Amino acid sequence: MNNSLRIFTFKGIPVEIHISWLLIFSLLSISLAMGYFPETVEGYSNQVYWAAGIITTLVIFASVLTHEFGHSLVALKEGIPIKKITLFIFGGVAHMEHDPNHPSAELKITAAGPLTSLLIAAAAGAVYYLLLTPGLLASEAVLIVARVNLVMAVFNLVPAFPLDGGRLFRSIVWYFNKNMLTATRIAAGFGSFLSFLIMALGFTMIFFQGNILGIWLIFIGWMIYQAGQSSYSQLVFKDTFAGMKVSELMSTDLQTISPDATLDELADHFLHYKYGAFPVVYGSTTHGLVSLQHVKEIPREKWAETRVSQVLTPLKETMVLKPDNDAAEVMMRMAAQNTGRALVMENGDLVGLLSRTDMMRFMQMHMALGSD
Ligand SMILES: [Zn+2]
């Protein structure tokens, strides 16, 4: 995630805060300091309520972080490096370098998170019931920490991939059918279904109960849906393009067009070569990319007087790749930005053209022939 600030590194894992986290941090501190604490325990000054609100919120986020470290430390034990842990509006996420190679590893790594939250909940609950006097501000703060951790464990166990519960579900399906891709498709499919249920629940809350908190559920449902879809396609891309570089997939049989050519000439070019787009090159300078779409946007009677340079997508707005870029990563980027074509350049020279359609065709072929 961009817009993140690195706060510290523990066991070699950088921890960062995404800007959206500030929103949830403020919302939680405010609602504790101005709502929950004054309503639950009376007789303290505003400053004390604020201090309690902020400290409790910090402890809650320390719990979220501990949950993520629960996943991360087990992942490290299983030989999977962790790129970083990010705290954001919906909690935390530990970014693994790659997925586990075996369902039992995934089961252990995933279970470690909710187990950590349950342990914190149990410890805080025990402290509250055994050591503290109910009705004091500090006691109520400890109770809140226990409750939030319990909710966190339970919520994460909802079997909507890629939530922890969905990952556990995937690891079990994966264990039985021995195919991670199919297991992910099943888990992500069930996850989408659940995410729509969560969103429907949110709409019901808003329209039938007038409860504005339903918006939160709609957001969460939508996030789960998006995350599930993108982790599945990411996996498909990784499986298809494992270890491949852009240079292996790009077309090097380049037909270019001059920026000074008219659209009439460009149209002839399209008919002759039957490509969907041409790099615009003059001498050794690459100016950009021109596609069939650009021509279609200009009325036919103006083709003779309009030059390619007037309609092209300039180089700075074109996706430019290097020959040794990772193909799976590029495919993800093209899908995310909805880009159809990218120019491949090396030291300022145009060396190839990569089209998403070609990559999709390769994917279909790969699937038809089987992944092994
Ligand atoms: Zn988790």
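Here are four short exercises on this predicted model, each with a worked solution.

Before you start, note that residues are numbered from 1 along each chain as its sequence is written. In this predicted model, local features need pLDDT of at least 70 and side-chain atom pairs count only at pLDDT 80 or more, while totals for chains, interfaces and linings use all residues, and side-chain values use heavy atoms, leaving out hydrogens and water.

**Exercise 1. The whole chain**

Find out how many helices and strands the chain has, and decide whether it is spread out or compact.

- Start with the count: there are 13 helices and ten strands. Both are DSSP runs numbered from the N terminus: helices are H or I with at least four residues, strands are E with at least two.
- Next, take the radius of gyration, which is 27 Å, well over the 21 Å that the globule rule gives for 372 residues, so the chain is more spread out than a compact globule. (The radius is taken over C-alpha atoms, and the rule is 2.2 Å times the number of residues to the power 0.38.)
- Finally, look at the C-alpha trace: along its principal axes it spans about 85 × 45 × 45 Å.

**Exercise 2. Two helices side by side**

Work out how H2 packs against H4.

- Helix H2 (residues 46–77) and helix H4 (residues 137–156) meet at an angle of about 30°, and their axes are 10 Å apart. Axes are lines fitted to C-alpha atoms, for helices over the stretch in contact, with angles from 0 to 180 degrees between N-to-C directions.
- That makes H2 roughly parallel to H4. (Under 35 degrees is roughly parallel, over 145 roughly antiparallel, 65 to 115 roughly perpendicular, and the rest oblique.)
- Now list some residues in contact, meaning heavy atoms within 4.5 Å: among them are Val59 and Ile60 in H2, and Ile144 and Val148 in H4.

**Exercise 3. A small sheet**

Put the strands of the open sheet in order and pick out its edges.

- The order is S5-S6-S7, with antiparallel pairing. Strands pair if DSSP finds at least two bridges between them.
- The edge strands are S5 (277–282) and S7 (313–314), each pairing on one side only.
- Two bridges join S6 (residues 285–291) to S7, and Leu289 has Thr313 as its bridge partner in S7.

**Exercise 4. Backbone oddities**

Locate a cis peptide bond and a positive phi.

- Most residues other than glycine have a negative phi, and most peptide bonds are trans.
- The bond from Phe161 to Pro162 is cis, with omega near 5°; Pro162 sits in the loop between H4 and H5 (164–177).
- Lys178 isn't a glycine, yet its phi is positive, about 60°. Look for Lys178 in the loop between H5 and H6 (180–209).
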